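Colleague: I am new to this structure and would like a close look at a single part. Please take one strand and walk me through what surrounds it, then add whatever else helps me find my way.

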Amino acid sequence: MSNRNMMPLFEVFVRGKRGLDHIHVGSLHAHDAEQALEYARDTYIRRGEGVSIWVVESKHIHASQESDAQAFYDPMDDKPYRHATYYTLPDGVDNM
Amino acid sequence: MAETTEDLEQAFEAKIAAEEKIEPKDWMPEAYRKNLVRQMSQHAHSEVIGMQPEGNWLTRAPTLKRKCILLAKIQDEGGHGLYLYSATETLGVSREELIDALHEGRAKYASIFNYPSLTWADIGAIGWLVDGAAIVNQISLQRTSYGPYARAMVRICKEESFHQRQGYEIMVELARGSDAQKAMAQDALNRWWWPSLMMFGPHDAESAHSAQSMLWKIKRQSNDDLRQKFVDQTVPQAEAIGLRIPDDALVWNEARGHYDFGEIDWDEFQRVIRGDGLCNRQRLRHHKQAHDDGAWVREAMAAYAAREENV
């Protein structure tokens, strides 16, 4: 039997209802993907919170760095014209 | 015990009947899958080809502000193409196959993009009318039965909310401008109005895929219903800025609670679909050229990935 501490970490994503996106709900340790799915079921959807689970080994998640956030997201800060509210509609036209 | 095809079909039909989404790992009839690949890839190709008529005016936009807005819009269209290609790929078809089908003429894109953008007012008309028509269609498709397609539509509709307004604002300003500017706006409306109505496709009775797509809830509203919706919402917008819709038969029908409007030139519609529109060859040639010009980037990336794997 392998050391419990050696079990890899998995990130868990749950789809609340058919048609919705899978959303990250947390993580857990498991030997393999199959076991991770069972653990995720027992850990995260004991009350029918989901109809579908994805598990991904945490080491496969590549994340942007919080510390670089300013430079990383800077290009979208000065473009108010990407939003509909930037444009004024003439009188009599209210629905667009 | 293994499920029979009949069991699987029943389960599929039950999900559709219950308004549940079909997700990529669900069993689905091969014809449903094929129908989706056809429609979704056509939608993706349209987003990408649609960048061409607008890109034509990027360097000649009248102000820096207009250039920034147009650039942001075109960037969105490219992004929307990517959402839709990715969603199509969940059906087990590769990006390469989809692009090949476009280049070999086996896959189509919206015929509207085979019309040329001749003046700056055309950029206004495209945003107002072409995006306006696309949004009517896409709002309806947010309720399509295939999960990844529906979710892509939700995202796209949210992002597109500014596309129509920026186009309409161009028309508003031209319509309030000099006589020449107003004439330019009217001319653009004259040329883009009918092709915009054609975007909704043939009449329901003559639409090749409509009946089955409605049964499978891939399509949620018929071509004619969506077209009527677009006409009803657009006529007051033209009136508000003193432009005339180029249709002598256009009249409010009190009894129906809708505008009546004239018949589309279906010969023109068929001609453009067949490949004989003003810009069909140019659009496809440009797409192939851009794809070929980018080949060295894809090759370099593949070479880099191969080298990293061998380290």
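Modeller: A good place to start is A:Arg15, whose bridge partner in strand 3 of chain A is A:Ser52. Please keep in mind throughout that this is a predicted model. The pair belongs to a longer run of pairing, since 6 bridges join strand 1 of chain A to strand 3 of chain A, which covers residues 52-57, and these two strands run antiparallel.

Strand 1 of chain A, residues 9-15, also pairs with strand 2 of chain A, residues 22-29, through 7 bridges, and here too the strands run antiparallel. Two of the pairings can be followed in the model: A:Leu9 has A:His29 as its bridge partner in strand 2 of chain A, while A:Phe13 is partnered by A:His24 in that strand. Between the two strands of this hairpin there are 6 residues, and A:Gly19 in the hairpin takes a positive phi near 100°.

How enclosed is strand 1 of chain A by the rest of the structure? Of its 7 residues, 6 are buried, so the strand is largely enclosed. As background for looking at any such strand, side chains in a regular strand alternate between the two faces of the sheet.

For orientation in chain B, a loop and a helix pair can be looked at together, because helix 7 of chain B takes part in both descriptions. The loop between helix 6 (120-141) and helix 7 of chain B holds B:Ser145, a residue that is buried, with a relative accessible area of 4%. A polar atom of the B:Ser145 side chain lies 2.8 Å from the backbone oxygen of B:Trp216. Beyond its neighbours within four places in sequence, B:Ser145 is in contact with residues including B:Ile16, B:Glu20, B:Tyr32 and B:Ile218.

Helix 7 of chain B, residues 147-175, and helix 8 of chain B, residues 179-198, have axes that come within 7 Å and cross at roughly 140°, and the two helices are therefore oblique to each other. From helix 7 of chain B the contact is made by B:Met171, B:Leu174 and B:Ala175, and from helix 8 of chain B by B:Gln181, B:Lys182, B:Ala185, B:Ala188 and B:Leu189. By character, the residues of this contact divide into 6 nonpolar, 1 polar and 1 charged.

Note on methods: Residues are numbered from 1 along each chain as its sequence is written. Chains are lettered from A and ligands numbered from 1 in the order in which they are written. This is a predicted model: local features need pLDDT of at least 70, side-chain atom pairs count only at pLDDT 80 or more; totals for chains, interfaces and linings use all residues. Side-chain values use heavy atoms; hydrogens and water are left out. Two strands pair if DSSP finds at least two bridges between them. Helices (H or I, at least four residues) and strands (E, at least two) are DSSP runs, numbered from the N terminus. Axes are lines fitted to C-alpha atoms, for helices over the stretch in contact, and angles run from 0 to 180 degrees between N-to-C directions. Angles under 35 degrees count as roughly parallel, over 145 as roughly antiparallel, 65 to 115 as roughly perpendicular and the rest as oblique. Contact means heavy atoms within 4.5 Å. Ala, Val, Leu, Ile, Met, Phe, Trp, Tyr, Cys and Pro count as nonpolar, Asp, Glu, Lys and Arg as charged, and the others, Gly among them, as polar. Buried means under 20% relative accessible area, exposed over 50%, partly exposed in between (1.4 Å probe, protein chains only). A polar contact is a pair of N or O atoms within 3.5 Å; within protein, one must be able to donate a hydrogen and the other to accept it, and residues adjacent in sequence count only if both atoms are side-chain atoms.
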